[in-house]
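Hi there,

Here is the structure I promised to pass on. Please have a look at it first, and then read my notes below.

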Amino acid sequence: GRRALVAGVADDGGFGFAIAKALAQAGAKVCVGTWPPALGIFQTLLRRGKMDESRKFADGSLLEFEKIYALDAAFDTLESAPAEVRENKRYKEQGDFSIAGLAAQLTADFGEQPLDIVVHSLANGPEVKKPLLETSRAGYLEAVGVSAYSMVSMVAKFAPLMKKDGSFVSLTYMASERVIPGYGGGMSSAKAALESDTRVLAYEAGRKYGVRVNTISAGPWASRAASAIGI
Ligand code: ZID
């Protein structure tokens with residue numbers, strides 16, 4: 001069987017959860033990466049059965065995640081996370097929540113080439129409601145760092161863990177190429193970077209590791225992230 005990692009699942013309301021469920025339905029084992037501040041509540045809701053309805057397959061069985069990992073895709077290594085993050089109560093019990101840390105845990109848990117599919121379903125733009133003209137440098141860089149560079153880092157660190165012909169996919173949005181008021185804070189910039197990087201990563205990682213890298217431009221879906229912009 002194939003194993004997928006879906007990065008960016010913290011509830012049952014977003015694309016990541018739906019993709020994880022579809023992959024499991026198709027026979028894959030599915031691990032997820034969850035943002036540490038949301039991890040505790042996600043595990044509690046799962047344990048208490050609050051997500052059983054959305055976990056249910058047509059045959060009545062329930063979606064099971066092979067493993068739920070802490071992942072903060074703003075950080076490539078644990079050392080790159082500031083002390084106040086590492087010591088935060090939602091982070092300090094979570095081990096190495098960086099992208100490199102997740103790669104190391106996957107190899108420790110499942111061996112040398114544990115992955116067939118990696119899904120990047122995460123984004124964050126703290127100033128998404130602000131027009132680009134009013135966006136601060138810090139807000140812009142956070143949006144691009146978490147929503148676009150995270151994919152570069154994930155391909156760099158996970159491609160060596162992929163079986164040949166493995167596949168990466170991320171989710172983008174058309175505001176990268178057209179003016180869509182309301183998608184601000186540097187999020188339009190982040191999606192433009194993500195799309196350009198997808199082409200370059202497909203070229204580089206395709207040659208180096210034999211993997212594919214794609215991005216899918218999503219339609220509107222009232223996930224937790226999208227509710228911030230009024231979808
Ligand atoms: P979601 O809230 O389910 O997923 C986002 C996840 O990212 C959450 O689980 C967060 O905890 C996680 N996250 C945030 N920061 C970090 C971090 N530092 N480290 C790790 N995890 C983190 O929302 P979703 O399903 O909407 O988002 C998944 C992907 O789909 C993102 O890349 C979105 O940009 C993308 N996407 C979503 C929509 C949408 O409508 N939901 C659209 C396009 C792309 C879109 O905005 N018309 C208007 C708008 C849109 C489409 C059409």
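The notes below cover the ligand and then one residue.

A word on the basis: this is a predicted model, where local features need pLDDT of at least 70, side-chain atom pairs count only at pLDDT 80 or more, and totals for chains, interfaces and linings use all residues. Residues are numbered from 1 along each chain as its sequence is written, and side-chain values use heavy atoms, leaving out hydrogens and water.

Let's start with the ligand. It has 28 residues around it (a heavy atom within 4 Å), and Phe15, Asp72, Ala73, Trp221 and Ser223 come nearest. By class, this shell holds 18 nonpolar, seven polar and three charged residues.

Some polar contacts (N or O atoms within 3.5 Å) are worth finding on your screen. A polar side-chain atom of lysine 191 is 2.9 Å from a ligand oxygen. In the side chain of tyrosine 173, an N or O atom lies 3.1 Å from a ligand nitrogen. Leucine 171 uses a backbone N or O atom, 3.4 Å from a ligand oxygen. Taken alone, the ligand exposes 930 Å² (Shrake-Rupley method, 1.4 Å probe), and the protein buries 91% of that.

Now for threonine 34: is this residue buried or exposed? Threonine 34 counts as buried (under 20% relative accessible area, 1.4 Å probe, protein chains only) because its relative accessibility is 0%. It sits in strand S2, residues 29-34 (strands are DSSP E runs of at least two residues, numbered from the N terminus). Beyond neighbours within four places in sequence, threonine 34 has contacts (heavy atoms within 4.5 Å) that include Val9, Phe42 and Leu71.

Happy exploring!

Notes:
A polar contact is a pair of N or O atoms within 3.5 Å; within protein, one must be able to donate a hydrogen and the other to accept it, and residues adjacent in sequence count only if both atoms are side-chain atoms. Ala, Val, Leu, Ile, Met, Phe, Trp, Tyr, Cys and Pro count as nonpolar, Asp, Glu, Lys and Arg as charged, and the others, Gly among them, as polar. Helices (H or I, at least four residues) and strands (E, at least two) are DSSP runs, numbered from the N terminus. Buried means under 20% relative accessible area, exposed over 50%, partly exposed in between (1.4 Å probe, protein chains only).
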